[in-house]
Each structure stands twice: as structure tokens, then as C-alpha cells.
Amino acid sequence: MIRYGALEILAEKEGDKDTLIIANIGLPSKELYEIYDRKANFYMLGSMGLSSSIGLGLALARPDRKVLAIDGDGSVLMNMGSLATIANQHPDNYLLVIIDNGAYGSTGNQITATAGLTDLKEVALGAGVRNVAMVSDKSDLKEKLDTMDNGVLVVKTEPGNKKVPVIKLCPADIIKRFMEISSPPSHSR
Ligand SMILES: [Mg+2]
């Protein structure tokens, strides 16, 4: 399985729900856009490393909504402190899915530390996240997405990118439609 296969399963399992999805910068966003575009997908066009942080903030702001952030191993390695914040806030409506292909996929598949000795499942546990799992095949990923509502799910994949076009939405439109669907209902005074 490469990242695209994992994203297809995420879209199949969560796409028709009202889950708010944050997609990591670069190819993860482009691939998800190609697989299943929806208003409740937020495609990061900048801010490498911050998918997990954006997802956490959103989950804390909207405890009534399920939030799923898709991140990569390179980005989590860049913003590892986010795992400690997630552990200490531990909202029960927030699932961080780390697609770990051992490579900086969007910049040419240069290897990351997880291709060596670093284990992001152990890092998440060490940070204090209580609900952590790791899967490496499609059936286990489907099962975890059915049963795991929060915490950190590491999905081990092979490196590799699908050739996909650029996202045809402009940044202002991405944030506008996402805010419309993720904002709490306004209260009349
Ligand atoms: Mg990667």
C-alpha cells in the first residue's frame, strides 16, 4: 500500500460522514482532492508540520464534531511537540492519522528518520498519547477506522506518489467553504 491507497480507505470510511478532515500539505492534499473532494476537507497549501496542530485546535473548538487530521511522517518529525500537546489535551473527538511512508514524498521521496530507527508509534506513546495504534495493511486500517475515534493511528505504507493534478480551488475558496461547514451555528441574541 502506498499513501494513495490509505487515502482511498480514509475517504471511503469518512467521506460520507460529517467528519472534518484536515489534509497535510502537498501530495496528501492533492491526492485526497482527486479521490474525494468535499466541503469538509481542508487542504493545507502551506504550513508544513501543522496539520496535527490545526486538527487539535479544531477538535477543541468543536467538541461536537469528529475531526480527523491526516499527517505525514516528515511533518510529524518536524513538529513532534504537537504530539505532547495532543496527549495533554486528549480531546475524545480527535483522531490523528499519520501516513508514515518513511519519505518526504512531496519533495522527491528523500528518506526520513522513520526509514531508520525512529518509531512514531513509540514517540506518540512516549509523548503521553493513551490511544495509539499502528497498522500496515488495508484490512487493519479499515478495522481501526471503524473502532478508533481518537488518539494517534500510524499507517505504515510504502513510499510512492500518485500522479495527480493540482487542486483547482483557490486558497480563499478552500478556507471559505471549510469555515462555512465547520463553524458553529450562530446564536440569535
Ligand atoms: Mg512521508
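**Close-up 1. Meet L68 and its contacts in this predicted model.** Leaving out residues up to four places away in sequence, L68 touches L10, E14, T19, L20, I21, I22, L95 and V97. To find L68 in the structure, look in strand β3, which covers residues 67-72. Is L68 buried or exposed? L68 has a relative accessible area of 1%, so it counts as buried, a word used for values under 20%. For a sense of distance, try S51: it sits 17 residues from L68 along the chain, and the two C-alpha atoms are separated by 9.8 Å.

**Close-up 2. Here is G15, a residue in a loop.** The loop runs between helix α1 (3-14) and strand β1 (20-23). Even in this loop, G15 is buried, because its relative accessibility is 6%. Which residues does G15 contact once its neighbours within four places in sequence are set aside? They are L10, Y36 and R38. L10 may look familiar, since L68 in the previous view touches L10 as well. You can also pick out N93, which is 78 residues from G15 in sequence and 16 Å from it in space, C-alpha to C-alpha.

**Close-up 3. Now visit the two ends of helix α6, residues 120-127.** At the start of the helix, a side-chain oxygen of D119 comes to within 2.9 Å of the backbone nitrogen of K121. What comes just after α6? There you will find G128, with a positive phi of about 110°.

Definitions and conventions:
Residues are numbered from 1 along each chain as its sequence is written. This is a predicted model: local features need pLDDT of at least 70, side-chain atom pairs count only at pLDDT 80 or more; totals for chains, interfaces and linings use all residues. Side-chain values use heavy atoms; hydrogens and water are left out. Helices (H or I, at least four residues) and strands (E, at least two) are DSSP runs, numbered from the N terminus. Buried means under 20% relative accessible area, exposed over 50%, partly exposed in between (1.4 Å probe, protein chains only). Contact means heavy atoms within 4.5 Å. A polar contact is a pair of N or O atoms within 3.5 Å; within protein, one must be able to donate a hydrogen and the other to accept it, and residues adjacent in sequence count only if both atoms are side-chain atoms.
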